[in-house]
Amino acid sequence: MTKVALITGITGQDGTYISKLLLDKGYVVHGIKRESSTARTEDKGGAQKNINLHFHFCDITDYSKLIRIIKEVRPDEIYNLAAQSNVQISFDRPEYTAEINALGTLRLLEAIRTLGLEKKTRFFQASTGDLFGNSLEIPQNESTPFYPRNPYAVSKLYAYWIAINYREAYDMFVCNGILFNHESPIRPENFVTRKITKAAVRIKKGLQEKLYLGNLNAKRDWGFAGDYVEAMWLMLQQDEPDDYVIATGETHSVQDMVEFAFREVGLEIEWEGEGLEKKGRNAATGEILIEVDPQFYRPLESSLLVGNPSKAREKLGWMPVVNFEELVKMMVKNDLKFVES
Ligand code: NAP
Ligand code: F7E
């Protein structure tokens, strides 16, 4: 029997990777896309320009339209990836962020229940490693207490618990993937990895003078989005629903990320100073290439985030394939291609 999946946030990074994964597995894929979205979707699904891929215009705030779409599609699986996913923006737009991330999740769960699809439709919720925020436990696993440090993470905390609430109250197949940072060549530039790889390439090619960043000491557990969507799918194929940390177990600072990316384009960086005065020089020429700009600092920072993916490895057989160095190489290579074309 052909399976039918509905993806919210199909135009985003993860939506792009999971739609391709599901189409390759023979699913019929339906995606929810906002009318205002500027993302190109004609080429989703890669080579398989696809009669199995369908789009529905809707905003996650529109409950009655969501009900109509789910009633029509009757999905076997829903992947809830739609979100205001940028932490920095969430400090500026906390209410909007909660509306999309927290109540958006509730609306989808309630739609499944209202339509009597509790036993048919399995639900994946994109939770986040940022739930751990200021956790003192390192690395973080499924039983580490949450301590969210920004409005984005707080909104995702509501979504995490409402998902579990529907699982327990209505016996629905609902899973939280507690996803640590995952990146790719299509990561937007308002996330630090892509900002860095793009700048490294542009500086190397003489198209940009400097890169301005915020907290260079922040540490993150960075994996590859292509690996993480595989974990999402695996969660929904199990006999029982459960929640899983999806991470690499390795952590790097933003400064490490800069060094790796610039090295990839043949530029060695030497650091001097501390805090706002820290600067990164081209070791060969002495030219200052990296500076700190306070506008990229956040009112609060999540401390050292690093996940322990042991449960996913044991129960799902999931392991990340692409390591940090390979991820940086992949992103730089893609940005080089883009600049050279
Ligand atoms: P992303 O690239 O920012 O994509 C977000 C998607 O949500 C886009 O398709 C966007 O559509 C859609 N969206 C935003 N507001 C919407 C609304 N009001 N109604 C309908 N759709 C809306 O995010 P991502 O990196 O792919 O992440 C996917 C999910 O995983 C998100 O829930 C994110 O919070 C979560 N997550 C991501 C990471 C990570 O490191 N990437 C880590 C942990 C958790 P437009 O094209 O219209 O903007
Ligand atoms: O920041 C620091 C910044 O914006 C990473 C989302 O996918 O992962 C992502 O959230 C770190 C932070 O991602 C700049 O302070 C320094 O410590 O790339 P980011 P994020 O905030 O970790 C989690 C798991 C999610 O769930 C989110 O949806 O880098 N940083 N300088 C900077 N960050 C940015 N964006 N820009 C800078 O100039």
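In this predicted model, a good place to begin is where two helices meet: Met257, Phe260, Ala261 and Glu264 of helix H8 touch Phe324, Glu325, Val328, Lys329 and Val332 of helix H10. Sorted by class, the contact of H8 with H10 holds six nonpolar residues, three charged ones and no polar ones. To find the two helices in the structure, look for residues 254–264 for H8 and 324–340 for H10; their axes lie 9 Å apart and make an angle of about 50°. Because of that angle, H8 counts as oblique to H10. The crossing of H8 past H10 is right-handed.

Now bring in a third helix, H6, which covers residues 192–204 and packs with H8 at an angle of about 35°, the axes being 9 Å apart. On the H6 side, the contact is made by Val192, Thr193, Ile196, Thr197, Ala200 and Ile203, and on the H8 side by Val254, Met257, Val258, Ala261 and Phe262. This contact of H6 with H8 divides into nine nonpolar residues, two polar and no charged. Here too the crossing is right-handed, with H6 passing H8.

H6 also meets H10. The axes of H6 and H10 come within 9 Å of each other and cross at roughly 50°, so H6 is oblique to H10. Their crossing is right-handed. Which residues in H6 and H10 meet? From H6 come Thr193, Arg194, Thr197, Lys198, Val201 and Arg202, and from H10 come Val328, Met331, Val332, Asp335, Leu336 and Val339. By class, the contact of H6 with H10 has six nonpolar, two polar and four charged residues. Notice that Thr193 and Thr197 of H6 appear in the contact with H10 and also in the contact with H8. In the same spirit, Val328 and Val332 of H10 meet H6 and also meet H8.

From the helix contacts, we can move on to the nonpolar cores. In soluble globular proteins, nonpolar side chains tend to be buried together. In this model, the largest nonpolar core has 30 residues, and Ile18, Leu22, Tyr79, Phe124 and Ile246 are the ones that touch the most other members. Several elements give two or more residues to this core: strands E1 (4–8), E5 (122–128), E6 (174–179) and E11 (244–246), together with helices H1 (13–24), H7 (225–236) and H9 (310–316). Which element gives the most to this core? That is H7, with eight residues.

Ile18 is a handy residue to click on. Leaving out residues up to four places away in sequence, Ile18 touches Ile7, Tyr79, Leu81, Val229 and Met232. There is also a second, separate core of 28 residues, and Leu211, Trp222, Ile290 and Val332 are among its members. You have already met Val332, one of the H10 residues that touch H8.

Next, let us visit two single residues and their surroundings. Val28 is in strand E2, which covers residues 28–33. Is Val28 buried or exposed? With a relative accessibility of 17%, Val28 counts as buried. Not counting residues up to four places away in sequence, the contacts of Val28 are Thr2, Lys3, Val4, Ala5, Asn52 and His54. Val73 is 45 residues from Val28 along the chain, and the C-alpha atoms of the two are separated by 9.9 Å.

Phe91 sits in helix H3, residues 87–92. With a relative accessible area of 25%, Phe91 is partly exposed. Apart from neighbours within four places in sequence, Phe91 is in contact with Arg149, Asn150, Pro151, Arg298, Pro299 and Leu300. In sequence Phe91 and Arg149 are 58 residues apart, while in space their C-alpha atoms are 10 Å apart.

Finally, a few details of the backbone are worth a stop. The peptide bond from Ile138 to Pro139 is cis, with omega near -5°. Pro139 belongs to the loop between E5 and helix H5 (151–170). At the other end of H5, in the loop between H5 and E6, lies Asp171. Asp171 is not a glycine, yet its phi is positive, at about 55°. At 55% relative accessibility, Asp171 counts as exposed. Arg74 also has a positive phi without being a glycine, in this case about 45°. Look for Arg74 in the loop between helix H2 (63–73) and strand E4 (77–80), where Arg74 is partly exposed, with a relative accessible area of 44%.

How values were computed: Residues are numbered from 1 along each chain as its sequence is written. Chains are lettered from A and ligands numbered from 1 in the order in which they are written. This is a predicted model: local features need pLDDT of at least 70, side-chain atom pairs count only at pLDDT 80 or more; totals for chains, interfaces and linings use all residues. Side-chain values use heavy atoms; hydrogens and water are left out. Axes are lines fitted to C-alpha atoms, for helices over the stretch in contact, and angles run from 0 to 180 degrees between N-to-C directions. Helices (H or I, at least four residues) and strands (E, at least two) are DSSP runs, numbered from the N terminus. Angles under 35 degrees count as roughly parallel, over 145 as roughly antiparallel, 65 to 115 as roughly perpendicular and the rest as oblique. A crossing is left-handed if the near helix is turned anticlockwise from the far one by less than a right angle, and right-handed if clockwise. Contact means heavy atoms within 4.5 Å. Ala, Val, Leu, Ile, Met, Phe, Trp, Tyr, Cys and Pro count as nonpolar, Asp, Glu, Lys and Arg as charged, and the others, Gly among them, as polar. Buried means under 20% relative accessible area, exposed over 50%, partly exposed in between (1.4 Å probe, protein chains only). A nonpolar core is a set of buried Ala, Val, Leu, Ile, Met, Phe, Trp, Tyr and Cys residues joined through side-chain atoms within 4.5 Å.
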